[in-house]
Amino acid sequence: MRRRLTLLLLFLAVSAAAQDRHFVKGSYVPEGGFCYDESKVPEYTLPDVLTASDGRKIKNVRQWEKIRRPELLQLFESEMYGRVPEKPAGLHWRTVSEGPALDGAVLRREVDIFFDEAETEHLRLLLLLPAGRKGRVPVFLGINFFGNHTICDDPGISLPDTLRWRPDYSLPARGSQAHRWPVNVILQRGYAVATFCCEDVAWDHPYAVDSGIYRLYPDETMGALAAWGWGLSRAMDYLQTDPDADGALVAVFGHSRMGKAALWAAARDRRFAMMISNASGCGGAAISRRRFGETLRRINTHFPWWYCLKFHTYNDKEDELPFDQHELLALIAPRPLYVESGTEDLWSDPRGEELGLQNALPVYRLYGAEERTGRHVRPGKHEILLYDWERYLDFADRWLR
Ligand code: GTR
């Protein structure tokens, strides 16, 4: 209750702030009030990814895995993302539909993944598999914003039960997000697509803590991004048992806030064989200390339910963070990691994302896996485009087979 009140107060403060001239809702166009000038980026010192908090130098994979990696996971959890539950004892699933989709080129399977024995909360996983596959196929797994039915226009995909969702939710049209999900292209290249909607696990709303897994675990400190990442791990639990998906070859990906959630999921859960960050920006792949584009203050006040409450204490105090986002990326090593940015997406700080990746490389080098990182910066905005997907598919052809 106290947590809900705190979040509500934070949100009211923010709604007022959002009216100010510094921010136009839904706009990623540079405006006053935020730094978009490289020469004005403050001086800062990044924490050294290979120095433990007691000053010990990390010199090899063993020390990284024994000392520094667990320490960083713990710090990110307590200071930024919050604590999520363990895998629930009552976790179970049921296939709810199966059949041909998209003119028969695709096999559609929908699986309800229940978080508890009593089936009070669940996510609905949509799995699209190439119809002509031979054996188990590698999978791209990502969270969608608005419902499984939005990723492609196929009448067989069930509409979500929106009664379970946040009060202000209105159902978008089938296929309305298809431009972000080129399912045919991905499947033709021999991969499956798996997705669920964030709203199943935690509402993307100030009242998030009234929803999804918060109802089952009211005492956990997780913000919604960690809750969504937890959902990715539960989807992974299922994928490892699916007869047609290769659970050992699952690439987790995400655009923007779902990229932030996927990064934390990939950092914690080493079953994810590859990670793709599309415009994850502030609180994702970008270095927080740069305060370029979106800042911690802005993200914590505009979306107070995304991170744990402790993270709010770092607003305007980026230098006091015991880590920065390059260390989140380093936690994914030695698994293949790809980071995308768009040149016009200054809000997400493309240069900060570049530096995030660069400064994670010392850990990839420990493993002799530096070449398992990939990056492109393409002209354009805050989007996930076919061009991006083609790069991800090339990267997966190289490292996920
Ligand atoms: C914005 C937010 C970004 C990014 C984006 C999105 O409003 O400031 O951090 O997460 O939303 O998810 O599309």
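Here is a short tutorial chat about reading the ligand site and two buried residues in a predicted model.

Q: Let's start with the ligand. How many residues surround the ligand, and which are the closest?
A: A residue gets into that group if one of its heavy atoms lies within 4 Å of the molecule. Here eleven residues surround the ligand. The closest are Ser256, Arg257, Lys260, Glu294 and Trp347.

Q: Which polar side-chain atoms should I look at around the ligand's oxygen atoms?
A: For a polar contact, look for a pair of N or O atoms within 3.5 Å. In this model, an N or O atom in the Ser256 side chain is 2.7 Å from an oxygen atom of the ligand. Lys260 puts a polar side-chain atom 2.9 Å from a ligand oxygen, and Trp347 has one at 3.0 Å from an oxygen atom of the ligand.

Q: How much of the ligand does the protein bury?
A: Take the ligand alone, see what area is exposed, then ask what share the protein covers. Alone, this ligand exposes 320 Å², and the protein buries 91% of that.

Q: Which elements give two or more residues to the shell?
A: Those are α7 (257-268) and α8 (296-302).

Q: And what is the make-up of the shell, by residue class?
A: Sort the residues by side-chain type. The shell around the ligand divides into five nonpolar, two polar and four charged residues.

Q: Now Arg289. Where does Arg289 lie, and is it buried or exposed?
A: Arg289 sits in the loop between β7 (274-278) and α8. For burial, the cut-off is under 20% relative accessible area. Arg289 has a relative accessible area of 3%, so it counts as buried.

Q: What does Arg289 touch, leaving out residues up to four places away in sequence?
A: With that exclusion, Arg289 touches a list of residues including Pro42, Tyr44, Thr45, Pro47, Glu318, Asp319, Leu321 and Asp324. Take Leu321: it is 32 residues from Arg289 in sequence, and the C-alpha to C-alpha distance is 8.7 Å.

Q: Which backbone oxygens does the Arg289 side chain reach?
A: One is the backbone oxygen of Leu321, at 2.6 Å. Another belongs to Thr45, at 3.4 Å.

Q: Last one: why is Gln177 classed as buried?
A: Use that cut-off again: buried means under 20% relative accessible area. Gln177 is classed as buried because its relative accessible area is 12%. Gln177 is in the loop between β4 (137-144) and α3 (183-188). Not counting residues up to four places away in sequence, Gln177 touches Phe146, Thr150 and Ile151.

Notes:
Residues are numbered from 1 along each chain as its sequence is written. This is a predicted model: local features need pLDDT of at least 70, side-chain atom pairs count only at pLDDT 80 or more; totals for chains, interfaces and linings use all residues. Side-chain values use heavy atoms; hydrogens and water are left out. A polar contact is a pair of N or O atoms within 3.5 Å; within protein, one must be able to donate a hydrogen and the other to accept it, and residues adjacent in sequence count only if both atoms are side-chain atoms. Accessible areas come from the Shrake-Rupley method with a 1.4 Å probe; for residues, only the protein chains shown count as cover. Helices (H or I, at least four residues) and strands (E, at least two) are DSSP runs, numbered from the N terminus. Ala, Val, Leu, Ile, Met, Phe, Trp, Tyr, Cys and Pro count as nonpolar, Asp, Glu, Lys and Arg as charged, and the others, Gly among them, as polar. Buried means under 20% relative accessible area, exposed over 50%, partly exposed in between (1.4 Å probe, protein chains only). Contact means heavy atoms within 4.5 Å.
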